[in-house]
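Hi,

Here is the structure I promised to pass on. Have a look, and my notes follow below.

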Amino acid sequence: MPDDSTPPKGGWGPRSVGWFRLRSRLAKSFRGARQGARVRWPKRTCHPRDDTRGPVLPVQDDARASPPVPLAHTTKDTMTAPFRFVHTADLHLDGPVHSSVERLRRQVDAARRTALQRLTDVALQQRVDAFLVAGDLIDESCLTLRTEAFLTEQLARMADAGISVVVAAGNADPGREGGRLSRVRWPHDVHLVDDAAPVSIDVKRNGKLVGRVVAVGHRSENESGSLIADMPEPQGDVPTVALCHALIAGSAGSQAHARVAPATPADLAARPYAYWALGHVHQRQQIGDAPAWYAGPPQSSGFSETGRHGALLVSCGDATKAEFIATGSLRFEVLRPEGLAGVHTEADLQAAVELALEGPRTDPHEQDDTCWAVRIELAGPCGLTETLRRPARRAELAGTLAESLGVAHVELLDSGLTKVVDPEAHRDPGHLLGQGLDLLDEARHDDRLLQLLIDGTGATLDSCGGSSAAARKARARDLLGDLPGLITESLLKEDDR
Ligand SMILES: [Mn+2]
């Protein structure tokens, strides 16, 4: 949770009604101000088209920001121009989507094709020299003929424009004989690297050598040896880029991926390539300070991959530069709304969810036409707990929320909802809780007892109200004011479910 969701010290309890209402009001005024300035996301039902070709989508702002490199170069230009390419990986076309919702699975399928089309558009607009895929472009068990036709059409668009397309096999699309990858009707200009033996590909622009790609591929779905070990030392005449699907030890998120083609950052450092185009770990990242990157998938495949997704536009000249290009059109977010104790109606719930969604939705780099899939994890005391504990009602509410928020998909999860407790209902002096509540009352209203408590705990209790005896007492009273709710909640927790 972001820091701004923390209530002020000494003021309200973390889930008090007052806090929630204030946040709700702030969110509303913020939304009002924003709508006045610029409407970023119209309320609309957002369903990516499910046809094979997908919609024709505009190229990302990131790509538009840099002017295209002209195709014609003077001899001098060609000698000094950097080697420029798009680095992508792990698109998993037609691969599994971890959701039980069929419509969402179809939307991810469509968004993956959209991402491929956007990648192609970027490569053409930027007039790059090469398009490098570091494995798992397709999922070998699932690729349909329709998607294959779409894939080869996009790659042919680039190959026809003189872009060197290099596809390395990964563990989800290994290059074994008779496997799905080997049966794809690749455009004849596409370099398919489907074996562990390193292949060196010269990349030319207008007939002149501008760069070189050294690539290795996976032959099976469980390559246990290092594929990097056999990669040769790069030659020094032009920038040389290594292309490989591998598990680099210590990379962020690597523990979630199969241990195939394992290697270490030291293995990369031992071979001074101008750039390592890596695939396999689904998290965009640089490996230490090395010119080595995982591009991450160009489209998320579910709630385990939140945030923006895209590819890297790389330039290897005197220096190596990697720039992020957003290509994901369906963004996944997991939200944990705060202040649920103040939620008593469906409108309250919507306000709490909108507030939690503000952060991701105000991401200045996000596209206005991005579709959203939102998982809302509900936990803690909530005024709507009885309703929200019923799966059928949650599903119904999720549908309503998706429509009113203008997002493609909403799912509501009960991640530990409890009822809101009212200490006043437990004032019976005949049991432990009732006696505890009475004691707390006494301490709050008896100055002598309060002073004893302050002296006894040795707490500083200085606050923005100052450090006078009166200010300390006021602060102690405030703190005690939260306790009836807290002890009632914890003593009644056992009975709550
Ligand atoms: Mn993989």
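**Helix α4, the core and the sheet**

α4 has 25 residues and spans 36 Å from first C-alpha to last, close to the 36 Å expected at 1.5 Å a residue (the expected span being 1.5 Å times one less than the number of residues). Bear in mind that this is a predicted model: local features need pLDDT of at least 70, side-chain atom pairs count only at pLDDT 80 or more, and totals for chains, interfaces and linings use all residues. Numbering starts from 1 along each chain as its sequence is written. Helices (H or I, at least four residues) and strands (E, at least two) are DSSP runs, numbered from the N terminus.

α4 is mostly covered, with 18 of its 25 residues buried (20 or more other C-beta atoms within 10 Å of the residue's own, C-beta atoms being placed from the backbone). Right after α4 comes R127, with a positive phi near 50 degrees.

The largest nonpolar core (buried Ala, Val, Leu, Ile, Met, Phe, Trp, Tyr and Cys joined through C-beta atoms within 7 Å) has 106 residues, and L132, V166, A168, L243, C244 and L278 touch the most other members. Helix α4 (residues 102-126) gives the most to this core, 9 residues.

Then there's an open, mixed sheet of 6 strands, ordered β5-β6-β7-β10-β12-β11 (strands pair if DSSP finds at least two bridges between them). β5 (199-205) and β11 (285-286) are at the edges with a single partner strand each, so one side of each has no neighbour in the sheet. β6 (residues 208-215) and β7 (residues 240-245) pair in the parallel sense over 4 bridges, and V213 has V241 in β7 as its bridge partner.

Cheers

Key: Buried ≥ 20, exposed ≤ 12 C-beta atoms within 10 Å, placed from the backbone.
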